[in-house]
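Colleague: I have some questions about how the terms in your description are justified. Could we go through them together?

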Amino acid sequence: MGDDQSIGVIYVEDDEDVRIGGVQALELAGFSVSGFAAVETANASVRADMPFVVVCDVRLRGKSGLDWQADLRRLDPDLPVILITGHGDISMAVQAMRNGAYDFIEKPCSSEQLVSVVRRAAEKRRLTLEVRSLRSALSDRQAIEASLLGRSPQIQEVRRLVSTLASTNVDVTIYGETGTGKDVVARCLHNHSGRRAGNYVAVNCGGLPESLVESELFGHEVGAFTGATRQRIGKIEYANGGTLFLDEIESMPLSVQVKLLRSLQDRSIERVGTNKPIAVDCRVVAASKTNLFELSEKKLFRADLYYRLGVAFIELPPLRERREDIPLLFEHFTLDAARRFERDAPILEEQTMSALLAYFWPGNVRELRNVADRFVLGVLDGKAINKSGFGTSDLSLPRQLENIERSIIEDALRRKQGDVQATATLLGIPKQTLYDKIKRLAVNVDGIREGSIVRSGT
């Protein structure tokens, strides 16, 4: 909302001539005005956070303006309500202002006076809604950062995409290896969307027997097949008004892909055993470990379904490509495990952290969480480490050492808020040596410095 004219006016006055004059004066001033003769009819147009101000006569044939103002204050305490009063109602209007009304105008009033008061109220409303919007965006951003932990550029880009796409209704496809957090991202998209009050329905397409996929997705009627003794609501129908998460969609049988495509295009489903269409409005978030376009080129995935789903994409990086996030993630998982197991969180030794940083992490974040659980339970000994595969990284020794050195430098920079001189002192090396290492290891000092500023300011 860039100006007062983006704020509308609800004008309630039972005297038709006065109402027509007031509406015309406000419309000539550039406002969009809805005129009503009674509170009862105007009330249907009112909702919290609406971009309007209210102008209402105190004395009306039905519900009075004073009673309505009290109702509106309970609905939205910051909604500006301007009362129009006769001479004998001024004391009541003053009391109403003490109870939260924005202002009052005494009858008869000039068009200039009416427009002036409404314009001030509209500016107040505009600023209030802008502040609310900013606070909501900040709250969503903080919640997304709490769910998608990490400081690496890759995970920051993921958070940016989630924040951008969450408020839209666009279907999203998430790519990522096993354990990278595809379900976490899908839940973030749902929880920060306008569909958050609806159901979040997750379906693992790879975990369903082919004979049951249609019934699980679309539901079935009684007698649709042997054993169908009662009606079943399918996953898609259950997600109506919410989000449908189709994990491992690449494993969905081609025959079911045809029916899914038709359902997405028509936004309706037919339960197995009936031809009656049922309207469904759900957002689809698909996830795949492999590139669906490449599969469609090989005729292993329907191309028309790929293009139907392929509107927006989020690619999740494997943990080995964002090793700088490992210390933060491991600390988070350790504290979480300590709460779940009712144990004290143990202190991580430097040798163990070095092993964590050097490992290839084929199971990604999920595997890191499991290691943190074992660490808290006290079973992460030498034998357990060997079983977990530590030290069997596919990376060469120089690459592993580079990753460890990079993580140590980045952690030290964060502790010193990006101050290179202070970091060099902390690490016990000359400042120029640190600069050489930063350049060789491609350490993003500016990004670390900006992240430190954001955290210190929150």
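Colleague: What makes strand 1 and strand 3 a pair?

Modeller: This is a predicted model, and in it 5 bridges join strand 1 to strand 3, running parallel. Pairing asks for at least two bridges between the strands, so these strands count as paired. One place to look is V9, which stands opposite V53 in strand 3.

Colleague: And how do you know that strand 3 pairs with strand 4?

Modeller: By the same kind of reasoning. Strand 3 (residues 52-57) and strand 4 (residues 81-85) are joined by 4 bridges and run parallel; the cut-off is at least two, so they pair as well. You can find V54 opposite V81, and I82 is the bridge partner of V55.

Colleague: Why is the connection between strand 3 and strand 4 called right-handed?

Modeller: The chain goes from strand 3 through helix 3 to strand 4, a β-α-β crossover. With the strands pointing away from the viewer, a clockwise path over the helix is what earns the name right-handed, and this crossover is right-handed.

Colleague: Where does helix 3 lie?

Modeller: Helix 3 (residues 65-75) lies across strand 1 (8-12), strand 3 and strand 4. Its angle to strand 3 is about 155 degrees.

Colleague: What makes strand 3 largely enclosed?

Modeller: A residue is buried when its relative accessible area is under 20%. In strand 3, 6 of the 6 residues are buried, so the rest of the structure largely encloses this strand. F52, V54 and C56 point one way, V53, V55 and D57 the other, and all are buried.

Colleague: Why do strand 2 and strand 5 stand at the edges?

Modeller: The open sheet has 5 strands in the order 2-1-3-4-5, with parallel pairing. Strand 2 (33-36) and strand 5 (103-106) each have a single partner strand, so one side of each is left without a neighbour in the sheet. On average, neighbouring strands of this sheet are turned by 20 degrees against each other, direction ignored.

Colleague: Happy with that. Where is confidence lowest, and where is it highest?

Modeller: The chain averages a pLDDT of 86, and 90% of the residues score at least 70. Helix 16 (residues 382-388) has the lowest confidence, at a mean of 46, while strand 6 (residues 172-175) has the highest, at 97. Over residues 382-389 the pLDDT is below 50, and this stretch has 8 contacts in the model beyond near neighbours in sequence.

Conventions: Residues numbered from 1 in each chain as written. Predicted model: local features only at pLDDT ≥ 70, side-chain atom pairs only at ≥ 80, totals over all residues. Heavy atoms only, no water. pLDDT = per-residue confidence, 0-100. Helix = DSSP H or I, 4+ residues; strand = E, 2+ residues; numbered from the N terminus. Contact = heavy atoms within 4.5 Å. Axes fitted to C-alpha atoms, helices over the stretch in contact; angles between N-to-C directions. Buried < 20%, exposed > 50% of the residue type's maximum accessible area, 1.4 Å probe, protein only.
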